[in-house]
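User: Could you take a close look at the nonpolar core of this chain, and set it in the context of the fold around it?

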Amino acid sequence: MDHNFELAFNLLDEAAGRIQTQQYGISRILFHNHGNMLLTTVHDYTPETGHRLVLLANDDHGLMAAVEATAADLNTNPITRILKVRAGDNLTFHNQPGTWSYRAAVAGHTYVLTAGIGDEPMWTVTIDHSPAEAHDDLDEAINTVLEHAAAA
């Protein structure tokens, strides 16, 4: 697998479960079930915005994935989202706020990966200003991006 989206999806549950119990501030999670990586949480709270927990996964090459869980209070089910995901050696996809799209840029090219909703294709990939290309599989969509980036 040339991307960390599956890890990010798994970390969403981890972040949602930790928002009610994780101490405030920055904490390293030494014992977890996600393999050989460092997990770190950043948990803060304000009366205006509520609780926000960011869970970061890093390996020897840097950030693999970052996810967020937010909740107005500790009795509210948290809302989760993926913030960043590394794909390949030099692409990091960043969530476009308010969308199901992730954007990465490298070597003068822009890649947008969008998750489908309802009857839309499962994933679409837009490279620079080209028309979106539909994919039924996330790995296939990521491979399209990685092949283009490698050739660029």
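Analyst: Read from the N terminus, the elements of this predicted model follow the order α-β-β-β-β-β-β-β-β-β-β-α, which comes to 2 helices and 10 strands, where helices (H or I, at least four residues) and strands (E, at least two) are DSSP runs. The chain is as compact as a globular protein of its length, because its radius of gyration of 16 Å is close to the 15 Å that the globule rule gives for 152 residues; the radius is taken over C-alpha atoms, and the rule is 2.2 Å times the number of residues to the power 0.38. Buried residues (under 20% relative accessible area, 1.4 Å probe, protein chains only) make up 41% of the 152 residues.

The largest nonpolar core has 38 residues, of which Phe5, Leu91, Phe93 and Leu113 touch the most other members; such a core is a set of buried Ala, Val, Leu, Ile, Met, Phe, Trp, Tyr and Cys residues joined through side-chain atoms within 4.5 Å. Leaving aside residues up to four places away in sequence, Phe93 is in contact with Phe5, Leu83, Lys84, Val85, Ala87, Tyr102, Arg103, Ala104, Tyr111, Leu113, Ile142 and Val145, a contact being heavy atoms within 4.5 Å. Over the chain, 32% of the contacts between residues at least 6 apart in sequence join residues at least 24 apart.

Residues are numbered from 1 along each chain as its sequence is written, and side-chain values use heavy atoms, with hydrogens and water left out. As this is a predicted model, local features need pLDDT of at least 70 and side-chain atom pairs count only at pLDDT 80 or more, while totals for chains, interfaces and linings use all residues.

Notes: Buried < 20%, exposed > 50% of the residue type's maximum accessible area, 1.4 Å probe, protein only.
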